[in-house]
Amino acid sequence: MKEQRKHVIKSREQLIDRRKQSRYTTPLRVKLEIMTVSGKHILHLCTSNVCSGGVLCDTDRIFPIGSEVKVSLLVESEGVKKSMGARTLIKIKGRVARCGPEGLAIRFYKNYTIQKIEDPDWQLQ
């Protein structure tokens, strides 16, 4: 018999509880650059939710699971502006984890950059 891994979630309740603790429904503007066999696709979307491990974006577009993604998240909250003195751009890479009616889920890799955006006219392009 196969040994179960420690990180396996044993019930739906555990999955829901874990997500409630780590996901934020703050809508953020996001730019995605998705690499597929048909080429690079650039999307400008809004997040449904975000956490340290990934992001769910509102879209009905379908992309292959596992596709590489460059993510640019623009954080414009007043709290960030006060602590950083400006809007903040977070750049991180990841991959498509799932796609469906609920949106496009991206799982982040660990490395990221955080950049202050001090120009008030700067736009996510």
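The protein exposes about 8,900 Å², and carbon and sulfur atoms supply 51% of that area. The model is predicted, with an average pLDDT of 83 and 83% of the residues scoring at least 70. Of the 125 residues of the protein, 33% count as buried. Two topics receive most attention below: the nonpolar core, and a network of salt bridges that joins R29, E76 and R87.

**Architecture**

- The protein contains 2 helices and 6 strands, and from the N terminus on these elements follow the order α-β-β-β-β-α-β-β.
- Among contacts between residues at least 6 apart in sequence, 56% join residues that are at least 24 apart.

**Confidence**

- Confidence is highest in β1, at a mean of 95, and lowest in helix α1 (residues 12-22), where the mean is 50.
- Over residues 1-10 the pLDDT falls below 50, and this stretch has 4 contacts in the model beyond near neighbours in sequence.

**Nonpolar core**

- The largest nonpolar core comprises 19 residues, and L32, I34, V71 and I106 are those with the most contacts inside it.
- At least two residues of this core come from each of β1 (29-36), β2 (39-51), β3 (54-57), β4 (68-75), β5 (87-100) and β6 (103-117).
- Strand β4 provides the largest share of this core, with 4 residues.
- When residues up to four places away in sequence are not counted, I34 touches G39, K40, H41, L43, F63, S67, E68, V69, V96 and L104.

**I90 in strand β5**

- I90 is placed in strand β5.
- Its relative accessibility is 23%, so I90 counts as partly exposed rather than buried, the limit for burial being under 20%.
- With residues up to four places away in sequence set aside, I90 touches V71, S72, L73, V75, T113 and I114.
- The C-alpha atoms of I90 and Y112 are separated by 7.0 Å, while the two residues are 22 residues apart along the chain.

**T59 in the loop between β3 and β4**

- T59 belongs to the loop between β3 and β4.
- T59 counts as buried because its relative accessibility of 16% is under the 20% limit.
- The side chain of T59 reaches the backbone nitrogen of R61 at a distance of 3.1 Å.
- Apart from its neighbours within four places in sequence, T59 is in contact with L45, G100, G103 and L104.

**Salt bridges**

- Side chains of opposite charge can pair when their charged atoms come close.
- The count of salt bridges in the model is 5.
- One of them pairs E76 with R29, the closest N and O atoms being 3.3 Å apart.
- This pair links distant parts of the chain, since E76 lies in the loop between β4 and α2 (78-84) and R29 in strand β1, 47 residues apart.
- A salt bridge also joins the side chains of E76 and R87, at 3.2 Å from N to O.
- E76 is in the loop between β4 and α2 and R87 is in strand β5, so this pair ties together parts that are 11 residues apart in sequence.
- Through shared partners, the salt bridges join R29, E76 and R87 into one network.
- The members of the network vary in burial: R87 is buried, with a relative accessible area of 10%, whereas E76 counts as partly exposed at 31% relative accessibility and R29 counts as partly exposed at 33%.
- K40 forms a salt bridge with E33, and the closest N and O atoms of this pair are 3.5 Å apart.
- E33 counts as buried because its relative accessibility of 16% is under the 20% limit.
- K40, the partner of E33 in that salt bridge, is also among the residues that I34 touches.

Terms used:
Residues are numbered from 1 along each chain as its sequence is written. This is a predicted model: local features need pLDDT of at least 70, side-chain atom pairs count only at pLDDT 80 or more; totals for chains, interfaces and linings use all residues. Side-chain values use heavy atoms; hydrogens and water are left out. A nonpolar core is a set of buried Ala, Val, Leu, Ile, Met, Phe, Trp, Tyr and Cys residues joined through side-chain atoms within 4.5 Å. Buried means under 20% relative accessible area, exposed over 50%, partly exposed in between (1.4 Å probe, protein chains only). Contact means heavy atoms within 4.5 Å. A polar contact is a pair of N or O atoms within 3.5 Å; within protein, one must be able to donate a hydrogen and the other to accept it, and residues adjacent in sequence count only if both atoms are side-chain atoms. A salt bridge is a side-chain nitrogen of Lys or Arg within 4 Å of a carboxyl oxygen of Asp or Glu. pLDDT is the predictor's confidence in each residue, from 0 to 100. Accessible areas come from the Shrake-Rupley method with a 1.4 Å probe; for residues, only the protein chains shown count as cover.
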